[in-house]
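Colleague: I am new to this structure and would like a close look at a single part of it. Could you take one residue and work outward from there, going slowly?

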Amino acid sequence: MSTCPHCGSGHIYARKFGKQTCNSVGMTAGAIGGFAAASRGAALGASAGLAAGPIGSALGGIAGALMGGLLGAVAGSQTGSQIGEQLDGTVFDRMACHDCGHTFNP
Ligand SMILES: [Zn+2]
């Protein structure tokens, strides 16, 4: 059990700052990217596949965009977490102290 190197307190916790931050950023970027990519694909599909009817192509476009956004968000958050874990302990200190707010690496 490690203690805070600044005040000696045992009330320390893992910050996971990089992981959490990159997870959020990755999820947002992935959702936007996935939504945009799916929207482009849906527009192409709608113009090429009007034989299925305008309602069918509209529904397909909406579903495609939602799925693209969802898949993009999942992929983005996973990528973000992986990048963030690399930053934790290198760019960002891995641990923090509840009592004095000092951040450090064990
Ligand atoms: Zn401390």
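**A residue in a loop and its surroundings**

Modeller: In this predicted model, H98 has its place in the loop between β2 and β3. H98 counts as exposed because 12 C-beta neighbours lie inside 10 Å of it, and a residue with 12 or fewer falls in that class. Although H98 and H11 are 87 residues apart in sequence, their C-alpha atoms are 5.4 Å apart in space. Once its neighbours within four places in sequence are left aside, H98 is in contact with H11, I12 and Y13.

The strands around this loop belong to an open sheet of three, which runs in the order β1-β2-β3 with antiparallel pairing. Its edge strands are β1, residues 12-14, and β3, residues 103-104, each of which pairs on one side only. Between β1 and β2, the latter covering residues 95-97, the antiparallel pairing extends over three bridges, and A14 stands opposite M95 in β2.

For the wider setting, the largest nonpolar core can be described as well. That core has six residues, namely M27, A31, F35, A38, A65 and A73, and the elements that give two or more residues to it are α1 (17-48) and α2 (54-87). The element that gives the most to this core is α1, with four residues. One of the core residues is F35, and F35 is in contact with A65, G68, G69 and G72 when its neighbours within four places in sequence are left aside.

Key: Residues numbered from 1 in each chain as written. Predicted model: local features only at pLDDT ≥ 70, side-chain atom pairs only at ≥ 80, totals over all residues. Pairing = 2+ DSSP bridges. Core = buried A, V, L, I, M, F, W, Y, C linked by C-beta atoms within 7 Å. Buried ≥ 20, exposed ≤ 12 C-beta atoms within 10 Å, placed from the backbone. Contact = placed C-beta atoms within 7 Å.
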